[in-house]
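Reader: Hey, got a minute to walk me through this one? I'd like the plain version.

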Amino acid sequence: MIVDSIKIECRQVSKIFKQRGGSVQIPVLKDISISVLEKEFLVIVGPGQCGKSTLLRIMAGLETPTTGRVLLDGKEVTGPGPDRGLVFQKYTLFPWKTVMGNVEMGPKLAGMPRKKRRDLSQRYISLVGLEGFENAYPHELSGGMKQRVGIARAYANDPKVMLLDEPFGQLDAQTRYLMEQETTRIWASEKKTVVFVTNNIDEAVYLGDRIVTLEGKLPGSTANVYDVNLPRPREHTDIEFLELRHRITEETALLL
Amino acid sequence: MSDETKLKDPLSLKIIPWVSIIGFFLLWELLVRTGLVPHVLLASPSEVGRLFIDKLTNPHPDGSLLMTHAAISLAEALLGYGLALLIGIPLGLLMGWFVVAEGLARPLFEMIRPIPPVAWIPLAIFWFGIGLTGKVFIIWACAVVPCVINAYTGVRMSNPTLIQMARTYGASDWQIFMKICVPSALPMVFGGLQIALALAWTTLVAAELIAADAGLGFLITMGRRLLRPDMIVLGMLMVGLTGYIIGVIIDRIERKLTAGLERGGVSS
Amino acid sequence: MSSLVESREGALVEDKMPTMDTHRGFVIKLLHNKRFLYLISIVGFLLLWEWAALYTSYAEYMPTPWEVLKELVRVTQKKLAGKDLWGHMWASIRRVLIGFALGSAIGVPLGLLMALSRHINALVKPVFDLFKPMPPISWISLSILWFGIGEQSKIFIIVIGALVPALINSYNGIRLVDPGLYDAIRMLGANRRQQLIHVTLPAGFPALFAGLQIALSVAWGCVLAAELVGARSGLGFMIILGMNTSRPALIVGGMVVIAITAFLITYTLSKVENVVCPWKVELPQ
């Protein structure tokens, strides 16, 4: 049996936010240890304000843990970088750049010559289904389209791991379902290791290989881990789907 | 932003502003004292300070006490400002809701609007002379513009759902105006108060610089005529200080009124 | 007999005047038609003006609209203190352009630096706040004392006038950039220099441009004020001349030209803005 290697892991990560020059301390994360296997789709589920976004930011390198470490391919993460692709909840596209301009930004910063990065970006723009919109500005796009750009922008750097921070939280239910399907499709055609954060159990069961639930109060800590062995593409109405969903909902004190 | 960047302000950042201010005044004083800047061109801070004390009680050489000048300038500015509020705000509110009001008033307003405030000065002086009336007219003509614009915009931004709701209850145009449009417009109206005030003050000073026989602008002009840079600088500083103070006062009044409105439960 | 009409908001409501017959209905509707009212307003104003200028005791203070027009035409043909209308206009515009360019060239980079470096901010801001409440025109006496009545004294005022909004807006524009954008660019691998070029400057640009628009507006007001105090050419000089020589047609005519020029400047700039900033900045929620 081949043991899959660990791509990214958190070892006993804790985070305490200090405010007002150190007088106010807010513990946000406590002793989180998670291992994500190569090409695995891991979903972290938790209610609002439980620290899951902070955890993702620590994995991205935008924050540093108070204690513990994050290791990517065995090496410690010390700061942000293109080897981790981050997709933001609020899209955070560059409004002055077109779709193409946004997607090619990473390769551009790395010094890739123009033709090469245009071709590369075009490939990813097509991958996320935005062919024809290369010259559109973000304000001209719908929420779902903006998020596709966000995904393409991260993918274009060939990251080792994709980190998605509640990427569909701002979308309406219909678009959200669509984007979940699209995510599965994109991930199937170009597999990456994924850490996906959400507050929606349905979404978690639909997307994930494995689900980690966090406690519903601060400081966040891991509650349970579930293996999702359902074949893809999944149906929200399948018996096994609903059973797992029910199990998770019961075992978490979440009201989702 | 990660918390790592929210460091406590290092001590240097707390000291630098003081160093800056003190250094600035020291430099200024030294430039004049050592003669690097000729005495005809600039007065040192200490000289301005002495003049300030002196003019509190001495009407020479320009004809009035310092506070008299300030009072005159303030009176002219506030009178024109008050009139602008009195006429401009109701006009803007009415224009925002009643088609007849907008139809009749708008063309005239759009003609007045692009005229830069100071351009009114020669006409006003020609019509009214250099006394109080002329100044008040100038201030009024320029301050009325932002008042109307803000009141008008405030009414236009009223919640259309509220209006439709009132209509289904059979409210008349006038009732809707008084009960919905006007209260909704108040935040924008208050926002315009500061702008109009700053405009009024600046324009008044300009008017006094051109033609007056009293007031802070007159003091500044006199300083030039008599080759007394200390008078000029004193006038400038007083203009800045007075403008700042009335700005703060209007801000306080604004806050009290807005807070009162919120407590009174104005529907939003 | 009641009938339904479309209300202002587009809903169908009962017509409050159910017994109106068609004739009077037409008149009432006409009186509520905006375009018609505009027309009445403008025509009425012109007639009133003409009447007041000819038949009331204010006649000598009021030029008729026609007189204003004639005066303007005259100034384009004959010279006024050495220049015709276009010459005076150019004199004013030239001063504005120079002062605005200088003021922005100082204000924008300074505002940028203040926003980027807390130390520079701590150094400059206190002195700047000290000067800020003083209206640019209040410097005129000092300026004339230093530079005489020539071009420099006026340009000095304009520089001060343009500097303040240019600085404030570029300062705020940079400071208020959505921090998420920095996160995004850092994740894409940008170093400090790249962050500055690819996020700070473009993100701050719309606010900066707005600041330039304000600065130009202020500059225009400043040049006029400076010309009113002491000048030998320019549009401000023109209307002061009208005042000093009791030529109201010249005063009003000059005001009209000034207003039109100011309007054209603002209009052109807003068109430029559409070209230069085709994106809409979504304010961080």
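Author: Sure, here is a short tour by chain, helix pair, interface and residue. It's a predicted model, where local features need pLDDT of at least 70, side-chain atom pairs count only at pLDDT 80 or more, and totals for chains, interfaces and linings use all residues. Residues are numbered from 1 along each chain as its sequence is written, while chains are lettered from A and ligands numbered from 1 in the order in which they are written.

Reader: Cool. How many helices and strands has chain C got?
Author: Chain C has 11 helices and 2 strands. Those are DSSP runs numbered from the N terminus, with helices being H or I of at least four residues and strands E of at least two. From the N terminus, the order is β-β-α-α-α-α-α-α-α-α-α-α-α.

Reader: And how much of chain C is buried?
Author: 40% of its 285 residues. Buried means 20 or more other C-beta atoms within 10 Å of the residue's own, exposed means 12 or fewer, and partly exposed is in between, with C-beta atoms placed from the backbone.

Reader: Switching to packing: at what angle do α8(C) and α9(C) cross?
Author: Roughly 155 degrees, with the axes of α8 (residues 179-187) and α9 of chain C coming within 10 Å. That makes α8(C) roughly antiparallel to α9(C), a label for angles over 145 degrees. Axes here are lines fitted to C-alpha atoms over the stretch in contact, and angles run from 0 to 180 degrees between N-to-C directions.

Reader: Which residues make the contact?
Author: From α8(C) it's C:L181, C:Y182, C:I185 and C:R186, and from α9(C) it's C:Q195, C:H198, C:V199 and C:A203. Contact means C-beta atoms, placed from the backbone, within 7 Å.

Reader: OK, interface next. How many residues do chains C and B each put in?
Author: 51 from chain C and 48 from chain B. On the chain C side, α11(C) gives the largest share, 8 residues. By class, that side has 40 nonpolar, 8 polar and 3 charged residues. Nonpolar covers Ala, Val, Leu, Ile, Met, Phe, Trp, Tyr, Cys and Pro, charged covers Asp, Glu, Lys and Arg, and polar is the others, Gly among them.

Reader: Last one: is B:V155 buried or exposed?
Author: B:V155 is buried, because 23 other C-beta atoms lie within 10 Å. B:V155 is in helix α6 (residues 132-156) of chain B.

Reader: What does B:V155 touch further along the sequence?
Author: Leaving aside neighbours within four places in sequence, B:V155 contacts B:L93, B:G96, B:W97, B:C181 and B:A185. B:C181 is 26 residues from B:V155 in sequence but 5.2 Å away in space, C-alpha to C-alpha.

Terms used. Two residues are in contact if their C-beta atoms, placed from the backbone, lie within 7 Å. Angles under 35 degrees count as roughly parallel, over 145 as roughly antiparallel, 65 to 115 as roughly perpendicular and the rest as oblique.
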